[in-house]
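Colleague: Got a minute to walk me through this one? I'd like to start with how the chains meet.

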Amino acid sequence: MKLTVFIGSPRGSKSNSTFLINHFETGFCKNNNNIIEYFYLNKINKTEENLEAFYKADNVIIIFPLYTDSMPGIVKEFIERIDTTKFETVKKLSYIVQSGFPEAKHSSYIARYLEKLCPRLKCTFNGIVTKGEIEGIQIKPTWMIKNTTFAFTELGEYYAEKLTFNHEIVKNLQKPYRLSKGTRVMLRIMKSIGLTNFYWNMKLKENNAYEKRFDKPYIN
Amino acid sequence: MKITILNGSPNGDYNTLTERIQSLKMQKENEGHSVEEFNLKEMDLAFCNGCWACWWKSPGICAIKDDIESILRSVINADLVIFSSPIIKGFTSSLLKKVCDRLIPLVHPYIELVENECHHLKRYDKYPDFALVALKEEDTDKEDEEIISDIFKRFALNIKTKVEFVEFI
């Protein structure tokens, strides 16, 4: 079986979206007859090729990071360019939306749009995964991310068998949907000892920009 | 009051929206406000490439050298920003979304709790209110309007401000 995946991250092949879908592929391709074809929406000069791939596909996943509370501009542009007169067969369309925020709630608003988009694209809605806490996933130690990567592999394996997402895995990936009281207390403690922003401070210092971190460059 | 209009109409027949924006602009100017309008389709604007230089290399400054700087400066010094766009396939235009993504340098990468949720910290002391004027497409229904309004409110919350009004025409 062939699955067509559109990667909607502006960072393309090096993105966290690609990282996650690669783990999905591990499960999906346990059956050697299965194949995933990838198309990168950040390659604007390949839009025609990407659209052709969409028209020909039967099973599609669009994966992207949450950008200012919805899809990145490159994904919206791709959606706008889809011409439903160019294909006959109704496709199955699934989505994976990942974000840097710890709670999946941030992605729930765009999820509602994406489901309603399906009939507009002559597609049947085939489920959505919303996953928070993804920023920095590629630099975290394996033990810290193994639950997530394993879940994506399981998700792929199930998709290969049933042609849809497993509801239990989707539900677990969505956790935490909101921050629990305990997590909020922990975040406040972490903030007070400067741990919340460890990742950002590390990157700012790497780039000799730490002292300028509170700059307000555009005030008249 | 300083007002910035971000006109996100791409090429096409969006005369109703153009007329509404022009009448709104005239009304605000007649009330004594200064209005700066950006016609996004005529500007050199790239998509955000997710490099995050604006957060960790040159804090607050976008690394892509195109026309975004004039927009960022106008937005952060305004009292009200009116986003304007036709609805295309159920959502505001990719042209407008491109600019929304590029507003990220206006906030700080650090995270804080707001209404018990994680959000970015302010970079600036003051932010303009946001408003949206959207032109309905043929199949726009009440649910579409609700979805667009809700996402716009979330966007405002993350850019450290609030929504003054949302208008569908």
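Modeller: Sure. For contacts, two residues count if their C-beta atoms, placed from the backbone, lie within 7 Å. Keep in mind that this is a predicted model.

Colleague: Fine. How many residues does each chain put into the contact?

Modeller: Chain A gives 43 residues and chain B gives 41 residues.

Colleague: Which elements of chain B supply at least two residues of the side that touches chain A?

Modeller: There are helices and strands in the list. The helices are helix 3 (68-76), helix 4 (94-101) and helix 5 (142-158) of chain B. The strands are strand 5 (107-114) and strand 6 (117-122) of chain B.

Colleague: Which one has the largest share?

Modeller: Helix 5 of chain B, with seven residues of the side that touches chain A.

Colleague: And what is that side made of, by class?

Modeller: On chain B, the side touching chain A has 21 nonpolar, eleven charged and nine polar residues.

Colleague: Let's talk helix pairs. At what angle do helix 3 of chain A and helix 4 of chain B cross?

Modeller: Roughly 175 degrees, and the axes of helix 3 (residues 73-81) of chain A and helix 4 of chain B come within 8 Å. An angle over 145 counts as roughly antiparallel, so helix 3 of chain A is roughly antiparallel to helix 4 of chain B.

Colleague: Which residues make the contact?

Modeller: From helix 3 of chain A, A:Gly73, A:Lys76, A:Glu77 and A:Glu80. From helix 4 of chain B, B:Ser94, B:Lys97, B:Lys98 and B:Asp101.

Colleague: How many of those are nonpolar, polar or charged?

Modeller: The contact of helix 3 of chain A with helix 4 of chain B has six charged residues, two polar and no nonpolar.

Colleague: Switching to the core. How many residues does the largest nonpolar core have?

Modeller: It has 94 residues. Those with the most contacts inside this core are A:Ile61, A:Ile62, A:Ile63, A:Val75, B:Val75 and B:Leu106.

Colleague: What does B:Val75 touch, leaving aside neighbours within four places in sequence?

Modeller: B:Val75 is in contact with B:Thr4, B:Val81, B:Leu103, B:Leu106 and B:Pro128.

Colleague: How is chain A split into domains?

Modeller: The domain assignment gives domain 1 (2-178) and domain 2 (180-220) of chain A. Their centres, taken over C-alpha atoms, are separated by 29 Å. The largest nonpolar core draws at least three residues from each of these two domains.

Colleague: Now backbone oddities. Where is the cis peptide bond?

Modeller: From A:Lys175 to A:Pro176, with omega near -5 degrees. A:Pro176 sits in the loop between helix 6 (167-173) and helix 7 (181-192) of chain A.

Colleague: Which residues have a positive phi without being a glycine?

Modeller: Two to mention. A:Asn208 has a phi of about 50 degrees, and B:Asn116 has one of about 65 degrees.

Colleague: Where do they lie?

Modeller: A:Asn208 is in the segment after helix 8 (198-206) of chain A. B:Asn116 is in the loop between strand 5 and strand 6 of chain B.

Colleague: Buried or exposed?

Modeller: A:Asn208 counts as exposed because it has 9 C-beta neighbours inside 10 Å. B:Asn116 has 12 C-beta neighbours inside 10 Å, so B:Asn116 counts as exposed.

Colleague: Last one. Where is A:Ile145?

Modeller: In helix 5 (residues 142-162) of chain A. A:Ile145 has 18 C-beta neighbours inside 10 Å, so it counts as partly exposed. Beyond four places in sequence, A:Ile145 touches A:Ile137 and A:Lys140.

Definitions and conventions:
Residues are numbered from 1 along each chain as its sequence is written. Chains are lettered from A and ligands numbered from 1 in the order in which they are written. This is a predicted model: local features need pLDDT of at least 70, side-chain atom pairs count only at pLDDT 80 or more; totals for chains, interfaces and linings use all residues. Helices (H or I, at least four residues) and strands (E, at least two) are DSSP runs, numbered from the N terminus. Ala, Val, Leu, Ile, Met, Phe, Trp, Tyr, Cys and Pro count as nonpolar, Asp, Glu, Lys and Arg as charged, and the others, Gly among them, as polar. A residue is buried if 20 or more other C-beta atoms lie within 10 Å of its own, exposed if 12 or fewer, and partly exposed in between; C-beta atoms are placed from the backbone. Domain bounds come from an automatic or database domain assignment. Axes are lines fitted to C-alpha atoms, for helices over the stretch in contact, and angles run from 0 to 180 degrees between N-to-C directions. Angles under 35 degrees count as roughly parallel, over 145 as roughly antiparallel, 65 to 115 as roughly perpendicular and the rest as oblique. A nonpolar core is a set of buried Ala, Val, Leu, Ile, Met, Phe, Trp, Tyr and Cys residues joined through C-beta atoms within 7 Å.
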